[in-house]
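Dear colleague,

I am passing on the structure we spoke about, and I would be glad if you could look it over before reading my notes. What I found in it follows below the display.

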Amino acid sequence: MLERFPAGGPRGSWPAEEFAHARRMEGLAAEVVMDLATDTFLVVVRSVDASR
């Protein structure tokens with residue numbers, strides 16, 4: 001996980017998506033997922049299993 005953002009942001013504001021986009025521009029495969037248990041958006045980079 002790279003960063004965590006509260007789900008209740010201002011209308012029209014997408015800070016998690018903007019953060020993930022900036023990381024993708026840096027070459028990371030960042031994506032946004034929702035953590036329902038904590039009501040937050042998480043920006044994650046999934047690891048690749050090299051043993052496959």
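A pocket, as the word is used here, is an open set of grid points with protein on both sides within 12 Å along at least five of seven lines, and its volume is the space filled by probe spheres set on those points. Please keep in mind throughout that this is a predicted model.

With that meaning, the largest pocket holds about 160 Å³ of space. Of the 13 residues that line this pocket, Ala7, Ser13, Trp14, Pro15 and Phe41 are the closest to its centre. Helix α1, which covers residues 15–25, gives the largest share of the lining, with 3 residues. Sorted by class, the lining consists of 8 nonpolar, 3 polar and 2 charged residues.

Turning to the fold, the protein chain has 1 helix and 3 strands, and these follow the pattern β-α-β-β when read along the sequence. Strand β3 (residues 40–45) pairs with strand β1 (residues 3–6) through 4 bridges, and the two run antiparallel; within this pairing, Pro6 has Thr40 of β3 as its bridge partner. Strand β2 (residues 30–35) is also antiparallel to β3, and 6 bridges join them, with Val33 facing Leu42 of β3 as its bridge partner.

β2 and β3 together form a hairpin with 4 residues between them, and the loop between these strands contains Asp39. What is the sign of phi in Asp39, a residue other than glycine? Phi of Asp39 is positive, near 55 degrees. In general, most residues other than glycine have a negative phi. As for its surroundings, Asp39 has a relative accessible area of 46%, and because partly exposed residues are those that are neither under 20% nor over 50%, Asp39 counts as partly exposed.

For the chain as a whole, the C-alpha atoms fill a box of roughly 40 × 25 × 10 Å, taken along the principal axes. Buried residues make up 17% of the 52 residues in the protein chain, while the accessible surface comes to about 4,100 Å², of which 56% belongs to carbon and sulfur atoms. Among the contacts between residues at least 6 apart in sequence, 45% join residues at least 24 apart.

With best regards

Conventions
Residues are numbered from 1 along each chain as its sequence is written. This is a predicted model: local features need pLDDT of at least 70, side-chain atom pairs count only at pLDDT 80 or more; totals for chains, interfaces and linings use all residues. Side-chain values use heavy atoms; hydrogens and water are left out. On a 1 Å grid over the protein atoms alone, a cavity is a set of points where a 1.4 Å probe fits but cannot get out, and a pocket is an open set with protein on both sides within 12 Å along at least five of seven lines; lining residues have an atom within 4 Å of a point. Ala, Val, Leu, Ile, Met, Phe, Trp, Tyr, Cys and Pro count as nonpolar, Asp, Glu, Lys and Arg as charged, and the others, Gly among them, as polar. Buried means under 20% relative accessible area, exposed over 50%, partly exposed in between (1.4 Å probe, protein chains only). Contact means heavy atoms within 4.5 Å. Accessible areas come from the Shrake-Rupley method with a 1.4 Å probe; for residues, only the protein chains shown count as cover. Two strands pair if DSSP finds at least two bridges between them.
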